[in-house]
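Good morning, and thank you for joining this session. I would like to take you through one helix and the strands around it. Please bring up the sequence and the model.

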Amino acid sequence: MLYFEDFTPGRRFVYRPFEMQAADMIAFAGEFDPQPVHLDEEAGRRSILGGLSASGWHTSAIGMRMMIDAFLGNSSSQGSPGIDFMDWKKPVLAGDVISGFSLVLEARPSRSKPQIGLVKFRNEISNQSGEPVAVSECSVMFRRREGGRP
C-alpha cells in the first residue's frame with residue numbers, strides 16, 4: 001500500500017502498454033463523443049486526423065485506468081481536487097499501442113487536514129513511436145501513515 005510518504009518528487013510510475021481497438025473506440029464514441037471522426041473510418045481518413053481516432057476523452061479514460069494499474073489501485077488515494085490541464089497532442093488511431101507514466105512533481109502535507117498529503121503528478125501518454133499523444137497535470141490526495149507521522 002502506497003501512502004503520501006511514498007510519493008517523493010522525481011518518482012516515476014510506468015504504465016503498461018494498451019492497444020487501442022477500433023470496436024472499443026467506436027463504442028466509447030457512440031456513447032460519449034459521437035463525432036464522425038470517432039465513429040467512422042472513412043470520415044476519419046477524410047479529416048485532418050488521418051483515420052479512425054479515439055476521442056480525447058477515451059484516451060484520458062484509458063490513461064486513468066493505466067494510473068490505477070500502475071499505482072493508484074494499491075494506494076491510500078482519497079481522490080483528486082482536480083486537473084490543472086489536459087492536452088491532447090496527437091490523434092490516437094485504431095491499432096495504436098499507447099503507454100506512458102506518471103511523474104511526481106511535488107508533494108506537500110495538507111494545511112487543513114494533517115492526515116492527508118497532496119501529490120502533484122505530470123502524466124504522459126505516448127504512442128508506439130514514442131510520440132506524446134496526451135499530457136496532463138493533476139493533484140491527488142493520499143492518506144498519510146499513522147495520521148500524519150512518517
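Which residue in E6 is the bridge partner of Glu124? The partner is Val135. Please bear in mind throughout that this is a predicted model.

Let me stay with the strands. E5 and E6 run antiparallel and are joined by 11 bridges. The two strands form a hairpin, with 5 residues between them. In that turn, Gly130 has a positive phi of about 80 degrees.

E5 also pairs with E4, again in the antiparallel sense, over 10 bridges. Here Arg108 has Leu118 of E5 as its bridge partner. The connection from E4 to E5 is likewise a hairpin, through 6 residues. As for exposure, E5 is mostly covered, with 9 of its 11 residues buried.

I turn now to helix H4, which covers residues 56-70. From first C-alpha to last, its 15 residues reach 21 Å, close to the 21 Å expected at 1.5 Å a residue. At the start of H4, a side-chain oxygen of Ser55 comes to within 3.1 Å of the backbone nitrogen of Trp57.

Which residues of H4 are buried? They are Gly56, His58, Thr59, Ser60, Ile62, Gly63, Met66 and Met67. As general background, an α-helix has 3.6 residues a turn, so residues three or four places apart point the same way.

Finally, what do these buried residues pack against? Their partners are helix H1 and strands E2, E3, E4, E5 and E6. The hairpin strands E5 and E6 are thus among the elements that H4 packs against.

Note on methods
Residues are numbered from 1 along each chain as its sequence is written. This is a predicted model: local features need pLDDT of at least 70, side-chain atom pairs count only at pLDDT 80 or more; totals for chains, interfaces and linings use all residues. Side-chain values use heavy atoms; hydrogens and water are left out. Helices (H or I, at least four residues) and strands (E, at least two) are DSSP runs, numbered from the N terminus. The expected span of a helix is 1.5 Å times one less than its number of residues. Buried means under 20% relative accessible area, exposed over 50%, partly exposed in between (1.4 Å probe, protein chains only). Contact means heavy atoms within 4.5 Å. A polar contact is a pair of N or O atoms within 3.5 Å; within protein, one must be able to donate a hydrogen and the other to accept it, and residues adjacent in sequence count only if both atoms are side-chain atoms. Two strands pair if DSSP finds at least two bridges between them.
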